[in-house]
Amino acid sequence: MAKSKLNFKNNIKLSNARHKKTGVFKLRGLPISIKDGKLLLSKDASSLPVQKRTLGEAKRFLKDPASKTKIKNLYLMYRSVKLKKDGLVFKKNNATYDITVINPGFLGEEFVKTIGHAHPNKPQTKTTYPEIYEVIKGKALFLFQEISPQINHSVGHFGKNARIYLIKAGTGEKVIVPPGFGHVSINIGSEPLVLSNIQATNFKSDYSFFKKHRGAAYYITNNRQLITNNKKIKKNIRINQLNPHKSASFLLEKNPNYKNQINFKIVKPKKIFKTPLYQAFIKNPKKFEFLRYPEKHIQFFNPKNLFR
Ligand SMILES: [Fe+2]
């Protein structure tokens, strides 16, 4: 047990060292590299054509819709990434493995983020589809915001008892999005943030809630003026003190489009398994049955079981 833990850590160190030296980061266990923020696939692998998210598309989700940036594409989305030999495994299990590369930087005072979305209800059930993320490389902050009805916590709309979790995750960590939570991924590091995810294939993401509210209930910013001038820090602005590491510090600023005071928790993901997500799925797709049949795993999705 101890030996395999050590190997896992060494793998991460080797990959990072290679990245610094060549600018190319090879995904562990896959013949796929990231170079200058773009995915390079070997001839054994494939993906759907890359989708690019521009500032123009993201403006309606930002604290400052007039913010400018030199970043051409905020993030790149590679859907259905797979080794050709594994195509049937994904098809049989109605699952997709995707990779998102989020550039580092700021949009006004906000860290670059995905615009955020929710998943629809699974037909004939009272639960929405969940998802699992993995940080392949970089420093991620996931914002999960309860916006949909759920069996154990039926808010039906974004009420004052709704929950928000901010999950800090680094290289190798996996994070499960429980049913009922909209989600935003934020790059709080200074390098491209590379995420993978697996979810069921038979639904479409819904962007309307976050569009209507101009983002999630909190904006993640680096408003230095507020950080240095304590007098200006009001109740709705908190400094993250859990990790004083300079490149990972951030502020939470309440989005004024939400009328209620909404409480949040800053947490870390519980360790689920140490194998890279892709390999874990290919080796044992049954382990990921909760993605297709969330209604059978309601207790598993209790945030107490997912976060620490
Ligand atoms: Fe999602």
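## Leu-252 and its surroundings

Let's start with one residue in this predicted model. Leu-252 sits in strand β19, which covers residues 251-254. Is Leu-252 buried or exposed? Leu-252 is buried, because 20 other C-beta atoms lie within 10 Å, and a residue counts as buried when 20 or more other C-beta atoms lie within that distance of its own.

You can also look at where Leu-252 stands relative to another part of the chain. Asn-222 is 30 residues away from Leu-252 along the chain, and the C-alpha atoms of the two are 8.8 Å apart.

## The protein as a whole

Stepping back, what helices and strands does the protein have? There are seven helices and 20 strands. The protein has 308 residues, and 34% of them count as buried.

Contacts tell you how the chain comes together. Take the contacts between residues at least 6 apart in sequence: 76% of them join residues at least 24 apart.

## An open sheet of four strands

Now for a sheet that you can trace strand by strand. Strands of a sheet pair through backbone hydrogen bonds, in either a parallel or an antiparallel way. Here, four strands make up an open sheet, in the order β15-β12-β13-β20, and their pairing is mixed. Which strands lie at the edges? They are β15 (181-187) and β20 (264-267), each of which pairs on one side only. From one strand to the next, the twist averages 20°.

To see one pairing up close, follow strand β12, which spans residues 140-146. β12 pairs with β15 in the antiparallel sense, and seven bridges connect the two. Within this pairing, Leu-141 is found opposite Ile-186 of β15.

## Strand β11 and its partners

Strand β11, made of residues 131-137, is another good place to look. How many of its seven residues are buried? Six of the seven are, so this strand is mostly covered, given that 20 or more other C-beta atoms within 10 Å make a residue buried.

β11 pairs with strand β14 (residues 174-177) over four bridges, in the antiparallel sense. Glu-131 stands across from Val-177 of β14. β11 is also joined by five bridges to strand β16 (residues 193-200), and these two strands run antiparallel. In that pairing, look for Ile-132, which faces Ile-198 of β16.

Notes: Residues are numbered from 1 along each chain as its sequence is written. This is a predicted model: local features need pLDDT of at least 70, side-chain atom pairs count only at pLDDT 80 or more; totals for chains, interfaces and linings use all residues. Two strands pair if DSSP finds at least two bridges between them. Axes are lines fitted to C-alpha atoms, for helices over the stretch in contact, and angles run from 0 to 180 degrees between N-to-C directions. A residue is buried if 20 or more other C-beta atoms lie within 10 Å of its own, exposed if 12 or fewer, and partly exposed in between; C-beta atoms are placed from the backbone. Two residues are in contact if their C-beta atoms, placed from the backbone, lie within 7 Å.
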